[in-house]
Amino acid sequence: MTTKTLTTSEAVKVIYDVLAEVAPEVDASEIDKAVDLTEQLDLDSMDYLHWLVGINAATGIEIPDRDASRFLTIDGASQYLVEASTAG
């Protein structure tokens with residue numbers, strides 16, 4: 001569990017930082033936050049899994065398999081991280 005409550009902007013920064021590690025060729029300014037990342041960026045399942053693991057490592061927030069679909073978009077991922085970081 002994370003020790004820090006995340007704001008939306010902090011969550012988005014973590015998401016983009018980890019995405020840059022997994023897919024360094026991606027230009028973050030061209031990403032539509034509301035569109036499925038796997039389609040937009042042509043991420044394969046291993047890239048997607050590495051991205052989720054990286055977000056977990058960066059935030060300490062567990063992402064159960066049942067919630068992985070919330071990470072298909074930047075908007076969904078950031079909302080999940082904010083909610084999870086404030087859950088008590």
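Student: How much surface does the protein expose, and what share comes from carbon and sulfur atoms?
Tutor: About 5100 Å² is exposed, with carbon and sulfur atoms supplying 52% of it. Those areas are Shrake-Rupley values with a 1.4 Å probe, and for residues only the protein chains shown count as cover. Keep in mind that this is a predicted model: local features need pLDDT of at least 70, side-chain atom pairs count only at pLDDT 80 or more, and totals for chains, interfaces and linings use all residues. Numbering starts from 1 along each chain as its sequence is written, and side-chain values use heavy atoms, leaving out hydrogens and water.

Student: OK, and what fraction counts as buried?
Tutor: Of the 88 residues, 39%. Buried here is under 20% relative accessible area, exposed is over 50%, and partly exposed is in between (1.4 Å probe, protein chains only).

Student: What about the fold, how many helices and strands?
Tutor: You get 4 helices and 0 strands, so to speak a plain α-α-α-α along the sequence. Both are DSSP runs numbered from the N terminus: H or I with at least four residues for helices, E with at least two for strands.

Student: Switching topic: which rings form the aromatic cluster?
Tutor: Tyr48, Trp51, Phe71 and Tyr80 are linked by ring pairs. The rule takes rings of Phe, Tyr and Trp (its six-membered ring) with centres within 6.5 Å; planes under 30 degrees apart are stacked, over 60 edge-to-face, and the rest tilted. The count by that rule is 3 aromatic pairs.

Student: What's the geometry for Trp51 and Phe71?
Tutor: Edge-to-face, with 6.2 Å centre to centre and 75 degrees between the planes. Trp51 sits in helix α3 (residues 45-59) and Phe71 in the loop between α3 and α4 (74-86), so this pair ties together parts 20 residues apart in sequence.

Student: Are those two buried or exposed?
Tutor: Trp51 and Phe71 are both buried.

Student: And Thr73, where does that one lie?
Tutor: Thr73 is in the loop between α3 and α4. Its relative accessibility is 17%, which is why Thr73 counts as buried.

Student: Which residues does Thr73 touch?
Tutor: Leaving aside residues up to four places away in sequence, Thr73 touches Lys33, Ala34, Val35, Asp36 and Leu37. A contact means heavy atoms within 4.5 Å.

Student: Last one: how many positive and negative side chains are there?
Tutor: There are 5 positive and 17 negative, and the centres of the two sets lie 11 Å apart. Lys and Arg count as positive, Asp and Glu as negative, with His and the chain ends not counted; the charge is placed at NZ of Lys, CZ of Arg, CG of Asp or CD of Glu.
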